[in-house]
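Visitor: I am new to this structure. Please show me how to read it, feature by feature.

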Amino acid sequence: MTMRYCPSCGADGLARPELKKVHCPACGFTLYLNAAAAAAAILTDGDRILLTVRARDPGKGMLDLPGGFTDPGEGIEDGLRRELREELGVEVGHLTYLGSWPNTYPYGGVTYTTCDVVFTGMVDPTGLQAFDDVAALEWHPLATVPIERVAFPSLRSALRRYLGKMDPPSPAT
Ligand SMILES: [Zn+2]
């Protein structure tokens with residue numbers, strides 16, 4: 001976190017008593033940095049799954065699930081449907097909740113904490129295109145999904161749950 005001066009009074013010396021809280025001892029201003037809601041979709045066509053290639057950092061060139069951040073004032077499913085329109089040019093039908101996983105997203109010198117909510121659904125591959133921050137689309141058979149090429153640990157965990165695989169043990173702390 002690179003914020004130095006209080007956005008309310010301009011004083012130097014902001015404190016970060018918790019990961020989610022920035023506090024100014026001079027004027028008492030407190031800014032909460034809550035986890036941002038984000039959503040992703042595991043979209044299948046028969047026995048194959050759609051993965052996207054990231055066009056931008058973080059994780060440029062690595063694989064991803066289509067989706068993105070929820071806008072203020074937007075529901076998580078509506079935000080996901082908007083992202084799928086923007087990234088793939090597609091309207092998806094029924095979406096089923098799979099689970100949620102925490103993630104971090106470093107962008108522009110700030111590391112955002114997110115809660116990634118993952119849904120599953122089916123998609124008609126006809127007319128799908130890569131738009132926006134998607135460089136390309138890749139279809140992979142469910143039996144050989146290259147999970148290690150997926151950029152974010154949250155989405156790797158989601159794919160493992162979907163595919164019935166175990167998460168690797170957490171590194172010792
Ligand atoms: Zn202040």
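Guide: Start with L51. Setting aside neighbours within four places in sequence, L51 is in contact (heavy atoms within 4.5 Å) with L63, D64, L65, A136, L137, E138, H140, V145, P146 and L159. Keep in mind that this is a predicted model, where local features need pLDDT of at least 70, side-chain atom pairs count only at pLDDT 80 or more, and totals for chains, interfaces and linings use all residues. Residues are numbered from 1 along each chain as its sequence is written, and side-chain values use heavy atoms, with hydrogens and water left out.

Visitor: Which residues touch the most other members of the largest nonpolar core?

Guide: First, the idea. A nonpolar core is a set of buried Ala, Val, Leu, Ile, Met, Phe, Trp, Tyr and Cys residues joined through side-chain atoms within 4.5 Å. Buried means under 20% relative accessible area, exposed over 50%, and partly exposed in between (1.4 Å probe, protein chains only). Here the largest core has 19 residues, and I42, L51, L65, L98, V118, L155 and L159 touch the most other members. Two or more residues of this core come from each of β4, β5, β8 (96-107) and α2 (153-163). Another core lies apart from it, with 15 residues, including A41, I76, L80 and V90.

Visitor: What do labels such as α1 stand for?

Guide: Helices (H or I, at least four residues) and strands (E, at least two) are DSSP runs, numbered from the N terminus. Helix α1 has 13 residues and spans 18 Å from its first C-alpha to its last, close to the 18 Å expected at 1.5 Å a residue. That expected span is 1.5 Å times one less than the number of residues.

Visitor: Which residues of α1 are buried?

Guide: Recall the general rule. An α-helix has 3.6 residues a turn, so residues three or four places apart point the same way. In α1, the buried residues are I76, G79, L80, R82, E83, L84, E87 and L88. They pack against β4 (36-45), β5 (48-54), β7 (67-69), β9 (110-122) and β10 (134-141). After α1 comes G89, with a positive phi near 65°.

Visitor: Why does E83 count as buried?

Guide: E83 counts as buried because its relative accessibility is 9%. Beyond neighbours within four places in sequence, E83 is in contact with G67, G68, F69 and L88.

Visitor: How is empty space found, and what is the volume of the largest pocket?

Guide: Rolling a probe the size of a water molecule over the atoms shows where empty space is left. On a 1 Å grid over the protein atoms alone, a pocket is an open set of points where a 1.4 Å probe fits, with protein on both sides within 12 Å along at least five of seven lines; lining residues have an atom within 4 Å of a point. The largest pocket has a volume of about 470 Å³, counted as the space filled by probe spheres set on the points, which are joined across faces, edges and corners. Of its 25 lining residues, R54, G67, G68, Y105 and D133 are the closest to its centre. β4, β5, β7, α1, β8 and β9 each supply at least two lining residues.

Visitor: Is C6 buried or exposed?

Guide: C6 is buried, with a relative accessible area of 4%. C6 sits in the segment before β1 (15-18). Not counting residues up to four places away in sequence, C6 touches A11, L14, C24, C27 and F29.
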